[in-house]
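Visitor: Could you take me on a close look at the sheet in this structure? I'd like to see how its strands sit together and what packs against them.

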Amino acid sequence: MQLMDLKISSLSKSYGHQKAVDDISFEVKSGEILGFLGPNGAGKTTTMKMLTQYLEPDHGTIWYGNNSSRSSIDLRRTIGYLPEHNPLYEDMPVLDYLAFCASLQGVSAAEIPSRVREMVKKCGLDVEKHKKIGELSKGYRQRVGLAQALIHNPQILILDEPTTGLDPNQIVEIRELIKQLGKEKTVILSTHILPEVEATCDRILIINKGRIVADGTVANLRKQSESRQILHVRIEGADQDNIFSTLQSLPEVSLVDLINRNENKFEVQSRGEIQLNKAIFHLCVEKGWELLELTPFETKLEDIFRDLTIN
Amino acid sequence: MQSPVQIIAKRELNSFFDSLTAYIMLLAFLGFSGFFTWIYGADVFIRKEADLQVFFAIAKWTLFFFIPAITMKMIAEEKKTGTIELLLTKAVSHRQLVLGKYLACMLLVGIALIFTLPYYFSIARLGSVDHGATISGYLGLLLMSSAYIAIGLFASSLTNNQIVAFLLALLIGIFFHFLFDLFSGGTRGFLGNLMNDLSVSRHFESISRGVLDTKDLIYFASLTLLGLFMAEQLITKRK
């Protein structure tokens with residue numbers, strides 16, 4: 001299958017006076033899964049609607065591989081889209097609906113039955129395939145939405161909140177499916193669920209008020225926000241107040257906090273980008289204290305997200 | 001490979017018959033027109049003429065009410081549920097979407113009219129029928145339906161509320177069906193002629209009398225194209 005990268009350059013879209021998307025640029029390579037994060041109303045859905053050609057941008061260009069046409073029917077055949085709220089024809093049986101979508105996307109009549117069969121199998125729809133879509137539970141509707149997005153084997157996959165309404169087992173299944181698809185396709189998925197991004201995405205993009213506020217791998221973003229190091233340490237061998245004040249007096253340390261009185265556990269923050277581990281180890285050796293625990297504390301993605309999107 | 005217009009029309013037609021819409025419409029249409037053609041009022045037996053003029057006059061009114069009922073959900077419903085986004089992000093143009101819906105409605109009206117052919121065969125046995133006038137009568141009904149379907153689709157693309165779409169289609173329709181004709185009687189000169197030219201009824205009557213004038217054909221074709229074009233523009237406008 002032909003590979004197709006996505007390149008978005010200075011894309012803008014306003015609704016009246018409100019700027020929904022404000023001059024954003026990014027790239028997604030084939031074989032990459034990009035997680036699109038942001039608070040409600042940040043412009044995620046608007047961006048996705050422009051990528052799928054449902055909305056026309058006010059400014060900017062979207063490159064699909066080497067093509068950049070603003071509204072091209074042929075290009076749409078290379079895109080699979082699961083819209084927010086997953087709208088479906090309730091009165092159609094699952095199989096008919098999938099066949100309908102396949103034929104609209106230009107899958108040849110001879111191939112349609114095998115494509116439909118494959119999607120039913122891949123998305124776990126076998127039990128429900130003869131039912132009307134309106135009779136399905138939310139989880140199964142979501143699978144139908146995913147199946148219709150994949151039916152024509154598109155190079156680009158755009159999924160607006162693909163796991164909403166699924167139970168934990170289904171979420172894991174769908175994530176696995178997306179991961180597997182991501183190996184050969186260009187995937188963009190938006191979500192509110194932060195662990196989902198960590199579990200599925202190679203890269204994340206955080207947008208707020210229509211602008212990109214962060215772009216990188218989860219590990220990279222962590223590093224950026226952790227200009228200071230945070231350690232959890234347990235030290236015994238002296239009374240708490242003594243340990244506390246000695247730690248605080250280290251030149252490398254900016255802040256000490258006693259977080260567990262019974263276990264003598266402290267949270268220590270560094271001053272700037274200094275590694276604290278050695279300093280604390282040497283201090284303990286020098287004083288003859290017992291160092292029971294020394295764990296680097298990871299900033300949670302939630303914290304990064306909050307830092308970047310509040311204000 | 002099927003064209004998107006055909007695929008959409010096929011889906012719509014299936015959905016007419018899956019829900020009860022199509023059956024109710026066919027039953028009501030045949031019931032009304034049959035009742036007034038054969039049983040009640042100035043029916044065929046009272047007129048004692050072997051023609052279908054009674055049927056055409058009744059069908060003109062029944063279709064006037066039924067067409068908005070079948071077109072009302074066409075675009076309004078897609079907009080309300082968001083399925084229009086699914087369609088338009090697939091390999092379908094706005095024009096193909098509107099044409100597909102139009103074709104489905106035309107086919108449903110066509111099926112309804114085919115079911116009235118027994119009327120024609122019955123009357124042909126009763127006396128000598130003017131075959132030309134019958135054919136042009138049916139043609140008149142089809143052309144009129146085509147114009148009203150286009151108006152109905154336009155109304156449906158204006159709103160995402162089906163009832164509003166229905167009433168709007170009737171409101172626009174009543175001018176063409178009835179009011180322009182009425183006004184033209186009371187006005188003289190240019191305005192009177194204009195009203196006369198705009199009236200669906202005038203053009204329909206001239207066709208159903210058996211006179212096939214290009215003026216009438218052009219009239220119905222332009223009304224259809226205008227309605228479909230405006231519907232297409234309204235769907236495009238969301239961008």
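**A close look at the sheet**

Guide: Let's start with a pair: strand 6 (residues 156-160) and strand 7 (residues 186-191) of chain A run in the parallel sense, joined over five bridges. One of the links puts L157(A) opposite V187(A), its bridge partner in strand 7 of chain A. Before going on, this is a predicted model, where local features need pLDDT of at least 70 and side-chain atom pairs count only at pLDDT 80 or more, while totals for chains, interfaces and linings use all residues. Residues are numbered from 1 along each chain as its sequence is written, and chains are lettered from A and ligands numbered from 1 in the order in which they are written. Strands (E, at least two residues) and helices (H or I, at least four) are DSSP runs, numbered from the N terminus, and two strands pair if DSSP finds at least two bridges between them.

Now zoom out: our pair belongs to an open sheet of six strands in chain A, ordered 5-6-7-3-8-9, with mixed pairing. Strand 5 (79-82) and strand 9 (211-216) of chain A each have a single partner strand, so they stand at the edges with one side lacking a neighbour in the sheet.

What lies on the sheet? Helix 1 (residues 44-51) of chain A crosses strand 3 (33-37), strand 6, strand 7 and strand 8 (203-208) of chain A, at about 150° to strand 6 of chain A. Helix 11 (residues 301-309) of chain A packs there too, touching strand 3, strand 8 and strand 9 of chain A, and its direction makes about 35° with that of strand 8 of chain A. Contact means C-beta atoms, placed from the backbone, within 7 Å; angles run from 0 to 180 degrees between N-to-C directions of lines fitted to C-alpha atoms, for helices over the stretch in contact.

How values were computed
Contact = placed C-beta atoms within 7 Å.
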